[in-house]
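Subject: Structure handover

Hello,

Here is the structure I said I would pass on. My notes on it follow below.

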Amino acid sequence: MKLTSTLLAATALVALMAGVAEAKTLIYCSEASPANFDPGTTTGGNDFDASSRTIYSRLVEFKHGSTEIEPGLAESWEISADGLTYTFHLRAGVKFQTTDFFKPTRDLNADDVIFSFDRQQNPENPWNKYLPDLAWDYYTGMDMPKYVKSWEKVDDLTVKLNLNEPNAPMLANLGMDFASIVSKEYADQLQASGALADFSTKPVGTGPFQFVDYQLDAVIRYAAFPDYYKGKEKIDDLVFAITPDATARTQKVLAGECDIAPYPNPADIASLKTNDTINLMEQAGLNIGYMSYNTTIAPLDRADVRHALSQAIDRNALIQALFQDAGATPAQNLIPPTMWSWNKDVAAEAYDPEAAKKVLADAGLTTIDLWASDRVRPYNPNFQRAAELIQADWAKVGVTANIVNYEWTKYREEGKKQDRPGAFQIGWTGDNGDPDNFFATLFSCAAIGVSNYSSWCNDEFEALIQKAKTTSDIAERTKLYEEAQVIFAKEAPAFLLAHSQVYTIVAKSVTGYQMDPLGIHRFDGTDKAE
């Protein structure tokens, strides 16, 4: 009997050890720490990688590797003939994640959907200001309060979105990160305990991975959600190793310490392309690197001065210095040439320092603040180096640039301030494949103080981009956006730099990982050979 018990125990131990050995861990070298884990409150791609694309789901989703919409938490939907009502039919049996800080008692229902959007729109909702200085940047910047009349519960598994006027990009907008669906039951629990801030640091969603823990600025740990509505992921454990330095990220993949790393140094691209120990993935980025001029502070409130500052920059030399062999297309327009409605007849400013010098002298511009951050972004691999090169170009035309530095999260917070002077380096990767996501999100009047770092509000430009939302006719929308690009070029609220190639280093052992045209990093569907 004792021998039998011993054999059984040994067998159980072997089985347990086998289970441990078979557990798969994927390590992603993230380029920055997240601001928090509530995607409605954040704007950075690294924030969304760590929250919305791991922990959460949305009513509709973008097909992996494309900008095409497919069913998500809503298995189907109808849009009324007048474009004012969207009816979503929710999946039955969708589970919220169970953690050590929350145990759900029910499945996802219409209450969660309505709460997810009401907290962003309704100032009377107690969650509307649950964090200090909360502005719901995406929801506000995309002018959602203007278009959304109401969210209506039909029954537990049916919700209606009623609009004030038609909005052609709306369905694609609902696939974006800010539209992630959160748990009302969890919010109610935190509100009852008075711990509302925990909502942003201890996240709960319905997505492929659930949050385990976060060591500030070091490591985020996730586990595959066993009850994910699409089925448990093949990866058991997902780890974000936060590694701001691009060279260190590359070295970690080469040393086997990380499985995936984004944004390698441009100087390393040539050697990585010939390294057969890794896979170097690349694609044209749906992005734009640019520098916003604060158009509300003289003399940058004058279009001729903004043009002159841009003319004084040797754009081609700047692009070559920053991107080297990584590849980048000089920007003519705010949207990349791969996007529909790109206006081929609009040209960027030609390099003309002599003409620039006269305009700037006449305007009395002798000094300017030039902002730079510490992060590598796909649209700008080195903000500081770019600032130094622009500083040198402006010095040649009699303008002294004072370089202002902040770390990435603080940098974006400071940049939103309407009284922030000077020229602010920033960029964008499209969220949904629609031109509206560039024009309105970045330069609409509603985006001032959010993502319109130029604080630029032009009535003619605004009328065109708002009209373009009201029709689903692509030819009509194209015409309107082409006209908007002409006005943008004339008014020059920003210096347009480049549209970049985007690279990701992937270990040979990783399978199923796809680069995303929307610039996000998703790990659902990814596997790893042991």
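To begin with a single residue: Ser-200 is buried, since its relative accessible area is 4% and the cut-off for buried is under 20%. Please keep in mind throughout that this is a predicted model. Ser-200 sits in the loop that runs between α7 (184-193) and β8 (209-215). Apart from neighbours within four places in sequence, Ser-200 is in contact with Asn-36, Phe-37, Asp-38, Tyr-130 and Leu-131.

Strands β8 to β10

The loop holding Ser-200 leads to β8, and β8 pairs with β9 in the antiparallel sense over six bridges. Within that pairing, Phe-211 has Tyr-222 of β9 as its bridge partner. The hairpin of β8 and β9 has three residues between the strands, and Asp-217 there takes a positive phi near 60°. Strand β9 (residues 219-224) also runs antiparallel to strand β10 (residues 237-242), joined to it by five bridges. In this second pairing Val-219 stands opposite Ala-241 of β10. Five of the six residues of β9 are buried, so the strand is largely enclosed by the rest of the structure.

The four-stranded sheet

Earlier in the chain there is an open sheet of four strands in the order β4-β5-β7-β6, with antiparallel pairing. Its edge strands are β4 (74-79) and β6 (148-155), each of which pairs on one side only. From one strand to the next the twist averages 20°. β4 pairs with strand β5 (residues 85-90) over five bridges in the antiparallel sense, and Ile-79 stands opposite Tyr-86 in β5. Helix α3 (residues 110-121) packs on this sheet and touches β5, β6 and β7 (158-163). The direction of α3 makes about 165° with that of β6.

Strand β17 and the loop before it

How many of the residues of strand β17 (residues 423-429) are buried? Seven of the seven are, so β17 is largely enclosed by the rest of the structure. Ala-423, Gln-425, Gly-427 and Thr-429 point one way from β17, while Phe-424, Ile-426 and Trp-428 point the other way; all are buried.

β17 has pairings of both senses. With strand β13 (residues 287-293), β17 pairs in the antiparallel sense over seven bridges. With strand β15 (residues 367-373), β17 pairs in the parallel sense over two bridges. Phe-424 appears in both: Phe-424 is the bridge partner of Ser-292, and Trp-371 stands opposite Phe-424.

Pro-421 is in the loop between α14 (408-415) and β17. At 32% relative accessibility, Pro-421 counts as partly exposed. Not counting residues up to four places away in sequence, Pro-421 touches Asn-294, Ile-297, Asp-369 and Trp-371. Pro-421 and Ile-288 are 133 residues apart along the chain, and their C-alpha atoms are separated by 22 Å.

Helices α15, α16 and α17

Two packed helices are described by the angle between their axes and the distance between the axes. Here are both values for two helix pairs that share α17.

The axes of helix α16 (residues 459-469) and helix α17 come within 9 Å and cross at roughly 160°. That angle makes α16 roughly antiparallel to α17. The crossing of α16 past α17 is left-handed. On the α16 side the contact uses Glu-460, Phe-461, Leu-464, Ile-465, Lys-467 and Ala-468. On the α17 side they meet Glu-476, Arg-477, Leu-480, Tyr-481, Glu-483, Ala-484, Ile-487 and Phe-488. By class, the residues of this contact divide into nine nonpolar, no polar and five charged.

The axes of helix α15 (residues 436-443) and helix α17 (residues 474-491) come within 11 Å and cross at roughly 45°. α15 and α17 are therefore oblique to each other. This crossing, too, is left-handed. Asp-436, Phe-439 and Phe-443 of α15 make the contact with Arg-477, Tyr-481, Gln-485 and Phe-488 of α17. The residues of the α15 contact with α17 are four nonpolar, one polar and two charged.

Arg-477, Tyr-481 and Phe-488 of α17 are named in both contacts, the one with α15 and the one with α16.

Regards

Key
Residues are numbered from 1 along each chain as its sequence is written. This is a predicted model: local features need pLDDT of at least 70, side-chain atom pairs count only at pLDDT 80 or more; totals for chains, interfaces and linings use all residues. Side-chain values use heavy atoms; hydrogens and water are left out. Axes are lines fitted to C-alpha atoms, for helices over the stretch in contact, and angles run from 0 to 180 degrees between N-to-C directions. Angles under 35 degrees count as roughly parallel, over 145 as roughly antiparallel, 65 to 115 as roughly perpendicular and the rest as oblique. A crossing is left-handed if the near helix is turned anticlockwise from the far one by less than a right angle, and right-handed if clockwise. Contact means heavy atoms within 4.5 Å. Ala, Val, Leu, Ile, Met, Phe, Trp, Tyr, Cys and Pro count as nonpolar, Asp, Glu, Lys and Arg as charged, and the others, Gly among them, as polar. Buried means under 20% relative accessible area, exposed over 50%, partly exposed in between (1.4 Å probe, protein chains only). Two strands pair if DSSP finds at least two bridges between them.
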